[in-house]
Amino acid sequence: MNSSEENAVSAMSAGRSALRMGPAELVQAAAMARRFYLEGKSKIQIAEEFGVSRFKVARVLETALERDLVRIEIRVPAELDAERSDALRARYGLRHAVVVESPADATEDAPDPENLGAVAADLLGELVNEGDVLGLAWGRSTIHMAASLHRLPPCTVVQLTGVYDAGTAERGSVEAVRRAAQVSGGDAHPIYAPMLLPDPATAAALRGQTGIARAFEYFDKVTVAAVSIGSWEPGISTVHDMLTDEERAHYASLGVAAEMSAHLFDSEGRRVGRDLGERCITVEADRLRRIPEVVAIAGGLRKASAIGAVLRSGLVTSLVTDTAVADFLLTESEPGLRPALERADPDDLVS
């Protein structure tokens, strides 16, 4: 039997199933279904209109579904994968997981899918409320997200990290902060300083400068933050590319697998190389953990392991990624506690 014949038989079976109800029942069921599903009337309102009990209405609607008189379809835009999104959210205890389709020609060396920024911008438009403080960390993904913003309620926007190179501030995170503030109509608090400094003393001196100190004062007020994730590889981690060969080898020996906002993590999400933070202009990990909503924007198979590591850290509450990364994360070993929900530091769980 070919597919067209199978479809015909299926349609005939559905028709016979529905016809067993009898014409009066069919007409009534169709009318009730129209009132409930299309007109938005309650079961009590329908019961009053037809002179039956609300329990009768409930049975008729249930029968209409069983007999294929009513079909319900759940549709999301083609670029979004609702099933993977929900599975990823449940596995890691994420508040929000949004998975977009990976490019058809994606490879392990391919960069983040270009559409992550636009989807993340729409997500921030949902999450940010009037009066919130939005924090943006340096990263290519957050910069692309800011460029895609088209709606934000009035909010304050603060930069959470220094820049990769102070000479590119106008094209990087400073511009991202300005763009977000422009869209929201709120105040902007950029940081005109490199992310990594030569030594702790220089970093401490910069933190004390008026403009940078003012931005740091907002860190404890941030309600929604957007961050990027990098693998410990050239071109994929901002911090990796700013260090000397000797420093890279040192941190690699500590088992670093991922980087986020100048914080380093091993494969289990534990922070390593904490001394690096003393040389960095960045939001502290403890402050990040206290931010109610931290959205990570990262994709591409080359970052998959790093994304899993950062999710285990408990610092991130939501994730925008692609299907290739989602499949990797869903086949990884169980993360134990749902880290995004618990917000627990893995170091505190070590006995």
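Two strands are taken as paired if DSSP finds at least two bridges between them. In this predicted model, strand 8 (residues 263-265) and strand 9 meet that mark: two bridges join them, and they run antiparallel. Within this pair, Leu264 sits opposite Val272 of strand 9.

The pair belongs to a wider arrangement. Four strands make up an open sheet, lined up in the order 6-7-8-9 with antiparallel pairing. Strand 6 (230-231) and strand 9 (271-272) take the edges; each has a single partner strand, so one side of each goes without a neighbour in the sheet. Helix 14 (residues 304-312) packs on this sheet, where it touches strand 6, strand 7 (258-260) and strand 8. The direction of helix 14 makes about 60 degrees with that of strand 7.

Turning to the surface, a nonpolar patch is formed by Tyr37, Leu38, Leu65 and Ile72, which together offer about 390 Å² of accessible area. One of these residues, Leu38, belongs to helix 2 (residues 23-38). Leu38 has a relative accessibility of 62%, and because the cut-off for exposed is over 50%, Leu38 counts as exposed.

As for the protein chain as a whole, the secondary structure adds up to 16 helices and eleven strands. The chain has 351 residues, of which 48% count as buried. About 17000 Å² is exposed by the chain, and carbon and sulfur atoms supply 50% of that area. Among contacts with a separation of 6 or more, 69% come from residues 24 or more positions apart.

Key. Residues numbered from 1 in each chain as written. Predicted model: local features only at pLDDT ≥ 70, side-chain atom pairs only at ≥ 80, totals over all residues. Heavy atoms only, no water. Contact = heavy atoms within 4.5 Å. Axes fitted to C-alpha atoms, helices over the stretch in contact; angles between N-to-C directions. Patch = residues over 30% accessible without salt bridge, like charges linked within 9 Å, V, L, I, M, F, W, Y side chains within 5 Å. Areas by Shrake-Rupley, 256 points an atom, 1.4 Å probe, with all protein chains shown as cover. Salt bridge = Lys/Arg side-chain N within 4 Å of Asp/Glu carboxyl O. Buried < 20%, exposed > 50% of the residue type's maximum accessible area, 1.4 Å probe, protein only.
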